[in-house]
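Okay, everyone, thanks for coming. Let's have a look at the model together, and I'll start with the aromatics.

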Amino acid sequence: MKTTKQILLTALLLVFVNNIHAQWTLSGVGTPTGRTLYTVGENIYAGTTFGAYRTTNNGQNWSLINNGLGSNPDISDFSINGNKLWIA
């Protein structure tokens, strides 16, 4: 009986783990390396080797938000202070 429970539990665990992995797709030449993710409310910010990006729709579309960050920003961190997002 104990062996049957272990087999059933293992099978359920394998099915569960198999169904929760993310599906990522490479979307272009020169895809940036991600360094950090940060969430503020419904917005998700990604810091990459090509700059900072924001999505407002759970990653369906990303907008580059490099205004004022120089010509070759390499983003490693985000922080929020009041209503301002700080990018490092």
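So, a search of the whole structure turns up two aromatic pairs; Phe, Tyr and Trp rings (for Trp, the six-membered ring) pair if their centres lie within 6.5 Å, and planes under 30 degrees apart are stacked, over 60 edge-to-face, the rest tilted. Take Tyr45 and Phe78: the ring centres are 5.9 Å apart and the planes sit at 45°, so this pair is tilted. Tyr45 belongs to strand β2 and Phe78 to strand β5 (residues 78-81), so the pair ties together parts 33 residues apart in sequence. Tyr38 joins Tyr45 and Phe78 in one aromatic cluster.

Quick caveats: this is a predicted model, where local features need pLDDT of at least 70 and side-chain atom pairs count only at pLDDT 80 or more, while totals for chains, interfaces and linings use all residues. Numbering runs from 1 along each chain as its sequence is written, and side-chain values use heavy atoms, leaving out hydrogens and water.

Buried or exposed, then, for Tyr45 and Phe78? Both are buried, meaning under 20% relative accessible area (exposed is over 50%, partly exposed in between; 1.4 Å probe, protein chains only).

Now the sheet. Four strands make an open, antiparallel sheet in the order β1-β2-β3-β4; strands are DSSP E runs of at least two residues, numbered from the N terminus, and two of them pair if DSSP finds at least two bridges between them. β1 (34-40) and β4 (63-64) are at the edges with a single partner strand each, so one side of each has no neighbour in the sheet. β1 and β2 (residues 43-48) share six bridges, with Thr39 partnering Ile44 in β2.
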